[in-house]
Amino acid sequence: MSTKVLVCLGVVLCVLVIQLNAAPQAEKYEAYEYKYEVKDAEKQLFFDKNEAGDTAGKVTGRYSVWLPDGRLMTIKYVVDKEGGFQPEVDFQDNANPLSG
């Protein structure tokens, strides 16, 4: 083989070794926050949601739905790398979120 081919192969091998040994970059997250609410007295509808994420990738939130049987179902949750999605469900009997 010619010297040029050997040098090119050497350079390619060095680049591959450097790429394989490079440390993976840490995931970057941006903080955010959002919420919404729907109240429709005519159709007897109510649902809402609040959620926030931090720069470490942890998300906390809550959402509620007024069920046809009159209960208000609320789910509070945390999402993180260690525990994944971790919900807590609560029901409030005889709720009327449209009155407040």
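The exercises below work through a predicted model of one chain, each with a solution in steps.

**Exercise 1. Describe the secondary structure of the chain and the extent of its burial and exposed surface.**

Step 1. The chain contains one helix and five strands, and when these elements are read along the sequence they follow the pattern α-β-β-β-β-β.

Step 2. Of the 100 residues in the chain, buried residues make up 17%, where a residue counts as buried if its relative accessible area is under 20%.

Step 3. The exposed surface of the chain comes to about 8000 Å², and carbon and sulfur atoms supply 58% of that area.

Step 4. For contacts between residues at least 6 apart in sequence, 23% join residues that are at least 24 apart.

**Exercise 2. Locate Tyr-29 and determine which residues it touches beyond its sequence neighbours.**

Step 1. Tyr-29 is placed in the loop between α1 (3-21) and β1 (32-40).

Step 2. The relative accessibility of Tyr-29 is 30%, and Tyr-29 therefore counts as partly exposed, since that class runs between the 20% limit for buried and the 50% limit for exposed.

Step 3. When residues up to four places away in sequence are not counted, Tyr-29 touches Asp-54, Thr-55, Ala-56, Gly-57 and Lys-81.

Step 4. A separation can be added for Lys-58, which is 29 residues from Tyr-29 in sequence, while the C-alpha atoms of the two residues are 9.1 Å apart in space.

**Exercise 3. Find the aromatic pairs of the structure and work out how their rings are arranged.**

Step 1. A pair of aromatic rings is described by the distance of the centres and the angle of the planes. A search of the whole structure finds two such pairs.

Step 2. In the pair of Tyr-63 and Tyr-77, the ring centres are 6.2 Å apart and the planes stand at 55° to each other, an arrangement classed as tilted. Tyr-63 belongs to strand β3 (residues 59-66) and Tyr-77 to strand β4 (residues 72-80), so this pair ties together parts that are 14 residues apart in sequence.

Step 3. In the pair of Tyr-77 and Phe-85, the centres lie 5.6 Å apart with the planes at 40°, and so this pair is tilted.

Step 4. Joining the pairs, one finds that Tyr-63, Tyr-77 and Phe-85 form one aromatic cluster. Within this cluster, Tyr-77 is buried, with a relative accessible area of 6%, whereas Tyr-63 is partly exposed, with a relative accessible area of 29%.

**Exercise 4. Characterise the surroundings of Asp-48 and its link to Arg-62.**

Step 1. Asp-48 lies in strand β2 (residues 45-53), and with a relative accessibility of 10% it counts as buried.

Step 2. Once neighbours within four places in sequence are left aside, Asp-48 is in contact with Tyr-36, Glu-37, Arg-62, Tyr-63 and Ser-64; one of these residues, Tyr-63, is also a member of the aromatic cluster.

Step 3. Between the side chains of Asp-48 and Arg-62 there is a polar contact of 3.1 Å, and the two residues form a salt bridge in which the closest N and O atoms are 3.1 Å apart. Asp-48 lies in strand β2 and Arg-62 in strand β3, so the pair ties together parts that are 14 residues apart in sequence.

Step 4. In contrast to the buried Asp-48, Arg-62 counts as partly exposed, at 23% relative accessibility.

**Exercise 5. Identify the salt bridges other than that of Asp-48, and state what else is found at Arg-71.**

Step 1. A search of the whole structure finds three salt bridges, among them the one between Asp-48 and Arg-62.

Step 2. Another joins the side chains of Glu-51 and Lys-49, with an N to O distance of 3.6 Å. Glu-51 counts as buried at 12% relative accessibility, and Lys-49 also counts as buried, at 17%.

Step 3. The side chains of Asp-69 and Arg-71 likewise meet in a salt bridge, at 2.8 Å from N to O.

Step 4. Arg-71 is partly exposed, with a relative accessible area of 27%, and in addition to its salt bridge with Asp-69, Arg-71 lies over the face of Phe-91, at 4.4 Å from the ring centre.

Terms used: Residues numbered from 1 in each chain as written. Predicted model: local features only at pLDDT ≥ 70, side-chain atom pairs only at ≥ 80, totals over all residues. Heavy atoms only, no water. Helix = DSSP H or I, 4+ residues; strand = E, 2+ residues; numbered from the N terminus. Buried < 20%, exposed > 50% of the residue type's maximum accessible area, 1.4 Å probe, protein only. Contact = heavy atoms within 4.5 Å. Phe/Tyr/Trp six-rings, centres within 6.5 Å; stacked < 30°, edge-to-face > 60°. Lys NZ or Arg CZ within 6 Å of the ring centre and 35° of its normal. Polar contact = N/O pair within 3.5 Å; in protein donor to acceptor, adjacent residues only side chain to side chain. Areas by Shrake-Rupley, 256 points an atom, 1.4 Å probe, with all protein chains shown as cover. Salt bridge = Lys/Arg side-chain N within 4 Å of Asp/Glu carboxyl O.
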